[in-house]
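Thank you all for coming; I would like to walk you through one structure this morning, going slowly for anyone who has not met it before. Please have a look at the sequence and the model first.

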Amino acid sequence: MRESRGALKVGSLRGIPIRVHYSLLLVLPLLAYLFGGAFRRAAEVAEVPPEQLMGSPMLWGLGVAVGLFASVFVHELAHTFYALARGGQVRSITLMMVGGVSELSEAPPRPRDEALMALVGPLTSLALAGLFGLATWGVEGTTSFNLQFACFYLASLNLFLGLFNLLPAFPMDGGRILRAVLSGRMGPVRATRVASLVGRGFAVLFALWGVVSFNPFLFVIAFFIFMGAEGESRQVRMKALLERVSVSELMSPRGAGVEAGALLEQALWDLRRERQTALPVTEDGRPVGLVDVEAVRAVSEADRIHRLTREVMRPVQVVRLDEDGWRAVRQLAENSAQLLAVVDADGRLVGTLDVDDVQRGMMLLQTREERAERDARRWRQERPA
Ligand SMILES: [Zn+2]
């Protein structure tokens, strides 16, 4: 839902969009620069004489940055292919600085599946680290210093990716495994809350470590973990709440939209009266489109008295009255729709659902739930032992 923001689409795989998060775009040139600057030291660590290496230090820095990018990509592909093989649907892949996010259409249904899906990424990185480690060892003693150097750093990057992602810092892979383990005992909502708390704890530690060691990478990582933990925890809470209500409990009841044959002047009047920026367009009580204030205002005032609403309407997203709240919210978000037209079993318009309706509904639900919890607690306390 939210990972698509702040990311650049770079391609697609079997119809799944692949995006690169700005954190990675920012870090790659920085990594290239830092590695290039510390080139002699880097060569010493790899036990390669630096004067034997071809190309400039900055070129090697660029190579390491591309290597990180490729390693993150392979790591993420492992998650994606596993999900697809298990019959899951992946909506998008976002490559981040220390891993990625494969956005699933639906969360894995069983904790076991989630744990395994989280595990395949780090395992793939560790396997690659092993392979490149072997290659490094294989060419050692020969004079293929360039190859040895490249293999050494590819092994190191993948080792770092594998180990780092296994930390139980939700929403990283290790944190997802932790959540899956906890889910079996305390249910998904509490498990996510606990895992997210641990994740934020790690984020704070990384930030402090970043201050002490003057390391900007750690700051970016800390920020990413903190926001991710917070966001997913909220999303899981939201899902648990909304799955239990139907669209009818969330929507704004609305028996009529703007008539498709109405003049634009009339449409503008309807929008004002309903205090909405958009309304469904109806024909015989059934939604056939969506009209918004901007579309009407784009038509000159003189033309509004003889042009029809039908001419400026856009396609509208429709949802059934008895659909569950969570699916409706997903439909709203996935289509970036301004609102959904809510219809009854006969396809007649009975209301609209937008982000404000959802937020208001969530607040009411939360209050209701908290009150119920409080009452239950009081009842337990007052009950004679
Ligand atoms: Zn991963």
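**The zinc site and a small sheet**

Let me begin with the zinc ion, whose donor residues follow the spacing H-x3-H-x93-D along the sequence. Before going further, please keep in mind that this is a predicted model, in which local features need pLDDT of at least 70 and side-chain atom pairs count only at pLDDT 80 or more, while totals for chains, interfaces and linings use all residues. Residues are numbered from 1 along each chain as its sequence is written, and side-chain values use heavy atoms, with hydrogens and water left out.

The zinc ion is coordinated by NE2 of His 75, NE2 of His 79 and, twice, an OD atom of Asp 173, at 2.0 to 2.7 Å; donors here are N, O and S atoms within 2.8 Å of the metal (3.2 Å for Na, K and Ca), and since water is not among the atoms, sites may look incomplete. The two histidines, His 75 and His 79, both belong to helix α3 (residues 57-85) and sit four residues apart, about one turn of the helix; helices are DSSP runs of H or I with at least four residues, strands are runs of E with at least two, and both are numbered from the N terminus.

Are these histidines buried or exposed? His 75 is buried, at a relative accessible area of 1%, and His 79 counts as buried too, at 4%, where buried means under 20%, exposed over 50%, and partly exposed in between, with a 1.4 Å probe and protein chains only.

Turning to the sheet, three strands form an open arrangement in the order β6-β7-β8, with mixed pairing, where two strands pair if DSSP finds at least two bridges between them.
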